[in-house]
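This report goes through the strands and helices of one protein model and how they pack. The sequence and structure come first.

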Amino acid sequence: MTSPARATEPVTPASAHLTITEGQVGEVGPGGTILYPSVTSCLTVTVRLQDGGKVGAHASLFQVPGEYRSDRILAAVKQRIGTRAVHAVEVRGAVGAWVPSYFTRAIESYAAGEQVPVPTGPDPKGLARAVADGLGEPRGKVTVEDLPDGDQTVD
């Protein structure tokens with residue numbers, strides 16, 4: 001049985017409150033709320049659809065067993081969006097802990113001895129570009145916000 005956070009079609013009612021943990025993708029209809037718990041070194045990606053629904057992803061620096069790696073999570077979000085119109089994309093979390101390329105090549109994909117890129121400072125423009133490219137959306141629809149550790153709630 002597929003969990004709601006991994007389904008490929010909308011499964012949550014409009015008034016739902018959905019928790020999306022590390023490596024998961026989920027969706028709520030118009031009026032729904034997404035909770036991303038314990039966002040410390042992670043980034044969250046919330047896609048606001050034109051109909052008022054939201055598709056969310058909790059991107060983790062390191063893969064949680066059985067969940068999406070950072071280099072596969074945007075494709076899962078894009079698949080969930082399908083042909084629906086996107087109003088805006090909000091990226092929030094530990095901006096300074098991420099290199100934009102983590103969305104195209106996860107830390108786990110580097111072989112022993114290969115140099116893993118490390119951030120030299122926050123790169124919100126690079127992250128916005130990487131997310132926009134990964135979702136096939138215009139760069140202007142993506143905002144990036146560095147938030148301190150903690151839970152994130154998106155209404």
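Two strands count as paired if DSSP finds at least two bridges between them. The model described here is predicted.

## The three-stranded sheet

Strand 3, residues 33–39, is joined to strand 8 by four bridges, and the two strands run antiparallel. One residue of strand 3 can be traced across this pairing: Ile-34 has Val-154 of strand 8 as its bridge partner.

Both strands belong to an open sheet of three strands with the order 1-3-8 and mixed pairing. Strand 1 (17–19) and strand 8 (150–154) are its edge strands, each paired on one side only. On average, neighbouring strands in this sheet are turned by 20 degrees against each other, direction ignored.

## The five-stranded sheet

Another open sheet has five strands in the order 2-5-4-6-7, again with mixed pairing. Its edges are formed by strand 2 (25–28) and strand 7 (142–146), and each of these pairs on one side only. Neighbouring strands here are turned against each other by 20 degrees on average, with direction ignored.

Strand 6, residues 86–93, pairs with strand 7 in the parallel sense, over five bridges. Within this pairing, Val-89 is opposite Val-142 of strand 7.

## Helices on the sheet

Helix 1 packs on the five-stranded sheet. The strands touched by helix 1 are strand 2, strand 4 (43–49), strand 5 (54–59) and strand 6. The direction of helix 1 makes about 170 degrees with that of strand 5.

Helix 2 lies across strand 4, strand 6 and strand 7. Relative to strand 7, helix 2 runs at about 140 degrees.

## Helix against helix

Two packed helices are described by the angle between their axes and by the distance between those axes. For helix 1 (residues 73–81) and helix 2 (residues 124–135), the angle is about 50 degrees and the axes are 8 Å apart. Helix 1 is therefore oblique to helix 2. Their crossing is right-handed.

Which residues of the two helices meet? From helix 1 they are Leu-74, Val-77 and Lys-78, and from helix 2 they are Ala-130, Val-131, Gly-134 and Leu-135. Sorted by class, this contact between helix 1 and helix 2 has five nonpolar residues, one polar and one charged. Lys-78 is the charged residue, because Lys counts as charged. Gly-134 is the polar one, because Gly counts as polar in this scheme.

Key. Residues numbered from 1 in each chain as written. Predicted model: local features only at pLDDT ≥ 70, side-chain atom pairs only at ≥ 80, totals over all residues. Heavy atoms only, no water. Axes fitted to C-alpha atoms, helices over the stretch in contact; angles between N-to-C directions. Parallel < 35°, antiparallel > 145°, perpendicular 65-115°, else oblique. Left-handed = near helix turned anticlockwise from the far one by under 90°. Contact = heavy atoms within 4.5 Å.
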